[in-house]
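Here are my notes on the model, point by point. Please read them with the structure open.

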Amino acid sequence: MLDPQLFRSDLDSVKLQLDRRSYDFDASAYEALESKRKVVQIKTQELQNERNKSSKGIGQAKAKGEDIQPLLDQVQHLGDQLKQAEAELSEIQQQMTALMEAIPNFLDELVPAGKDEEDNVELSRWGEKPVFSFQPKDHVDLGENKGLDFEIAAKIACARFAVLKGPLARLQRAIIQLMLDTHTAEHEYEETYVPFLVNADSLYGTGQLPKFEEDLFKASSNPDLYLIPTAEVPVTNIVRDSIVDAKQMPLKFVCHTPCFRSEAGAYGRDVRGLIRQHQFEKVELVQIVSAADSEKAHEELTQHAENILQKLKLPYRKVLLCAGDTGFSSSKTYDLEVWLPGQDSYREISSCSNFKDFQARRMQARWRNPETGKPELVHTVNGSGLAAGRTLIAVMENYQDEQGRIHIPEALKPYMTGIEIIE
RNA sequence: GGAGAGGUGGCUGAGUGGCCGAAAGCGGCGGUCUUGAAAACCGUUGAGGGUUUAUCCCCUCCCAGGGUUCGAAUCCCUGCUUCUCCGCCA
């Protein structure tokens, strides 16, 4: 949610900002609603004031033992008028909220113009792509005789699920362990365990609702809960409706969860393999910081995700998303794309975003600034550190040999109880 | 699942229809005292919003949503939630 004050004080710059997003903002509809709001709100508050004064007068008269009947007759007309004004105001406010909550975040000034991922800007590359003396296989072929099974998963559930058995299941767990250990021990994140089902308020807070409900799995039960599409939702909502003590800032959480996505708009895309699944494992990094610190925190958090790729010696590149590819709630996003020999391309393995105060305003998440003594909105920053399912793919494809075996990267060996090669 | 008791400011906690946005204490902030600190004492200290150049003024908020009333933290209904006891359970 954007700052409503800005809409009132400088609508022109709001329009310019939303233009960068190619967001079709109906400024005249907004202005009409806003001027109506002003009139009705003032009228409502005047009526409330009148009621309060009268009631106070009645109380005092009664205490003195005076006859209050004449006073009661006087305020009789107030009730209906007030009720009507309040109803009208509430209707306008609901319309205003509906309008405001559908508007995406402003883009950071450094975000490049562009329509889709073609226009993203590559910032850096790390690592050497492996050179093979044979035609490298993709992870589906490599996993075929090693316990990676999509048919069984489709029998158990449906398409876009996978079953892992034996050393590959072990390898995914090792990857998760490495990430959690690194982020807690070296990057000072607090390990967190959270619900995998969340309520609508939480999804609203981080921006998935109300606009993107079709991307979610809803649990058809009472109370209404949704499967989390990312740990970002439960973890960020830890600070919803609260004022964080300055001494506790910044808050840094790391959390491993499964993630569930309906992939409703992805028919026919990435149908092969583990790339795009309804369920996948991810380790998420979340930071709750002050406005002054969020830019730095965003850079650092991205580096923390990069460190995992570097430990695994997986070649990757860092990309700054263009205007059209930056998510609804995000102000600025870096994607980390890992090299996948089986696909002969870079694929997203982490997405690190600075949301500034956009989520915080939706969540009413604040901290008390000791300089002013006043509560201020926090900034939220998060990123995958990393998507474990895709990391598994990257390890399989980058560490394969001519016999179709998979060599365990050095950094994972301590977690594999002696297994050095999966064959 | 059954029975009972609660949800009030940063925290503890008083308040059962008007003088309550809310006692008292703790904590925070400012000051007096002190070489400095502590203690003691004095003062101050909730959030959001409207109007305004600003001050002023006004509105809303005592878990949430409805209701009763001229008037609700207080009474009624519904929901959520916490705690205690019993049962069941990984």
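1. Which residues of helix α3 are buried? They are Ala27, Tyr30, Leu33, Glu34, Arg37, Val40, Thr44, Leu47, Ile58 and Ala61. Buried means under 20% relative accessible area, exposed over 50%, and partly exposed in between, with a 1.4 Å probe and protein chains only. Helices (H or I, at least four residues) and strands (E, at least two) are DSSP runs, numbered from the N terminus.

2. Basis of the values. This is a predicted model in which local features need pLDDT of at least 70 and side-chain atom pairs count only at pLDDT 80 or more, while totals for chains, interfaces and linings use all residues. Residues are numbered from 1 along each chain as its sequence is written, chains are lettered from A and ligands numbered from 1 in the order in which they are written, and side-chain values use heavy atoms, with hydrogens and water left out.

3. Helix α3, continued. α3 covers residues 27-63, 37 in number. From first C-alpha to last it reaches 53 Å, close to the expected 54 Å; the expected span is 1.5 Å times one less than the number of residues. Its buried residues pack against α1 (4-9), α2 (11-20), α4 (69-75) and α5 (78-101). Contact here means heavy atoms within 4.5 Å. Glycine 65 follows α3, with a positive phi near 80 degrees.

4. The RNA surface. There are 21 residues around RNA strand B, counting a residue as near if one of its heavy atoms lies within 4 Å. Arg8, Lys38, Gln48, Arg51 and Ser55 come nearest. Of the RNA strand B atoms within 4 Å of the protein, sugar and phosphate make up 75%. α3 gives the most to this surface, with 13 residues. The surface residues divide into 5 nonpolar, 8 polar and 8 charged. Ala, Val, Leu, Ile, Met, Phe, Trp, Tyr, Cys and Pro count as nonpolar, Asp, Glu, Lys and Arg as charged, and the others, Gly among them, as polar.

5. Polar side chains at the RNA. Arginine 51 has a polar side-chain atom 2.7 Å from a phosphate oxygen of RNA strand B. For asparagine 52, the distance from a polar side-chain atom to a phosphate oxygen is 3.1 Å. An N or O atom in the side chain of arginine 366 is 3.2 Å from a sugar or linking oxygen. Two or more residues come from each of α1, α3, α4 and β14 (365-368).

6. Strand β14. Its side chains alternate: Ala365 and Trp367 point to one face and are buried, while Arg366 and Arg368 point to the other and are not. β8 (residues 242-244) runs parallel to β14, joined by 3 bridges; two strands pair if DSSP finds at least two bridges between them. Isoleucine 243 has arginine 366 as its bridge partner. β15 (residues 375-377) runs antiparallel to β14, also over 3 bridges. Tryptophan 367 stands opposite glutamate 376 there. The β14-β15 hairpin has 6 residues between its strands, and glycine 373 in the turn has a positive phi of about 75 degrees.

7. Strand β12. All 9 residues of β12 (332-340) are buried. Lys332, Tyr334, Leu336, Val338 and Leu340 point one way, and Thr333, Asp335, Glu337 and Trp339 the other. β12 pairs antiparallel with β11 (residues 316-320) over 5 bridges and with β13 (residues 345-356) over 9. Valine 319 stands opposite aspartate 335, and tryptophan 339 has tyrosine 346 as its bridge partner.

Conventions. A polar contact is a pair of N or O atoms within 3.5 Å; within protein, one must be able to donate a hydrogen and the other to accept it, and residues adjacent in sequence count only if both atoms are side-chain atoms.
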